[in-house]
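Happy to go through the labels with you, one at a time.

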Amino acid sequence: ADFDSKKKRKVAEIYQALNSDPIDVAALRRMAISEGGLLTDEIRCKVWPKLLSVNTDDLPPLPAGKELREDNKDYQQVLLDVRRSLRRFPPGMPDDQREGLQEELIDIILHVLKRNPQLHYYQGYHDIVVTFLLVVGDRLATALVEKLSTHHLRDFMDPTMDNTKHILNYLMPIIDQVNPEVHDFMQSAEVGTIFALSWLITWFGHVLSDFRHVVRLYDFFLACHPLMPIYFAAVIVLYREQEVLDCECDMASVHHLLSQIPQDLPYETLISRAGDLFVQFPPSELAREAAQQQAERTAASTFKDFELVSVQQRPDTVLRQRFRERLRGEERTKSILTKPRTNRFVKLAVMGLTVALGAAALAVVKSALEWAPKFELQIFP
């Protein structure tokens with residue numbers, strides 16, 4: 001009963017924020033983030049457009065599917081992905097209803113791509129679109145997905161994977177801030193971050209089997225900075241600390257363990273933790289380390305290639321070697337200076353999420369609009 005009264009109170013607060021003039025978007029963000037998220041799909045239909053500032057009064061009509069499909073370079077791939085997406089529909093849904101939704105799903109994707117030729121389709125995109133389709137229906141889903149594709153998902157829709165890799169490069173620095181032991185173990189295992197790729201580019205829609213958990217996460221991500229999914233990924237790894245450390249320290253074992261996501265995660269606790277970590281270690285503070293990850297990785301791999309190509313000491317090989325030694329030297333001094341070797345979760349002042357994000361919701365939103373990983377970080381001026 002207590003839960004019900006809490007829920008009723010929250011619903012009332014959400015409608016109050018929706019009905020105030022102007023609409024209280026900051027309050028809606030707080031509601032989407034705080035325990036339970038937006039509670040019902042009926043509410044999501046009203047609040048998601050506000051979180052993405054999409055005007056629902058003049059939604060464009062959807063074009064007929066036939067003209068979209070003719071001569072569309074992505075049609076075949078989209079068709080294949082959508083056909084494979086059976087498990088993203090509620091179990092027990094009648095076949096003809098599901099097939100109708102799959103047709104709508106194809107049309108939404110092709111429509112957004114046609115209107116935004118700068119966007120490139122990627123496998124996994126349909127996992128995000130189907131979530132919107134199931135919650136808000138095709139017309140509204142089209143408008144929301146288009147906005148999302150030009151903002152939050154923009155980097156996944158580049159012609160290359162560079163920006164997606166750049167975002168994945170934030171994972172290890174976040175883990176390092178909280179738990180250096182797990183970080184160092186993963187580095188020794190050379191596991192990399194590819195295990196989190198499908199989490200990131202589908203907003204976990206592809207890997208979680210319970211639709212309720214997926215939409216709860218979407219409430220959270222829509223209300224936050226575009227990098228929040230990578231913080232959530234880090235929090236999942238940190239939550240599994242013991243399993244990770246008990247694992248064989250080699251790439252295959254750790255990758256296998258981490259890519260199997262447990263379905264019974266304590267979502268509310270993890271959402272709250274991801275929010276706290278974002279406030280404590282904002283992307284701007286981790287950007288340098290993320291870029292350094294990139295540089296180290298590329299320097300190291302190209303260096304190996306050079307070694308294979310020529311045994312004699314070519315000048316660029318020598319330079320690369322120096323570059324790596326310098327990086328290692330800097331890393332070493334940095335780690336001596338900054339790493340008390342303890343698990344820092346203990347030290348986190350775990351501010352209740354509402355406190356953390358009440359204050360941070362606005363900051364988060366503001367930074368979200370400025371976020372672009374296009375910057376070239378000068379690691380060595």
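Here are some questions and answers about two helix pairs and a loop residue. This is a predicted model, where local features need pLDDT of at least 70, side-chain atom pairs count only at pLDDT 80 or more, and totals for chains, interfaces and linings use all residues. Residues are numbered from 1 along each chain as its sequence is written, and side-chain values use heavy atoms, with hydrogens and water left out.

Q: Why are H3 and H7 called roughly perpendicular to each other?
A: The axes of H3 (residues 41-51) and H7 (residues 125-136) cross at roughly 115 degrees and come within 9 Å. Angles of 65 to 115 degrees count as roughly perpendicular, so H3 and H7 get that label.

Q: Which residues of H3 and H7 meet?
A: Asp-41, Arg-44, Cys-45 and Trp-48 in H3 meet Phe-132, Val-135 and Val-136 in H7, where contact means heavy atoms within 4.5 Å. They divide into five nonpolar, no polar and two charged.

Q: What makes H14 oblique to H17?
A: H14 (residues 228-239) and H17 (residues 267-280) pack at about 120 degrees, with axes 9 Å apart. Under 35 degrees is roughly parallel and over 145 roughly antiparallel, while angles outside these ranges and the perpendicular one are oblique; therefore H14 is oblique to H17.

Q: Why does Gly-36 count as partly exposed?
A: Gly-36 sits in the loop between H2 (25-33) and H3. Its relative accessibility is 25%, and buried means under 20%, exposed over 50%, partly exposed in between (1.4 Å probe, protein chains only). So Gly-36 is partly exposed.

How values were computed:
Axes fitted to C-alpha atoms, helices over the stretch in contact; angles between N-to-C directions. Helix = DSSP H or I, 4+ residues; strand = E, 2+ residues; numbered from the N terminus. Nonpolar A, V, L, I, M, F, W, Y, C, P; charged D, E, K, R; others polar.
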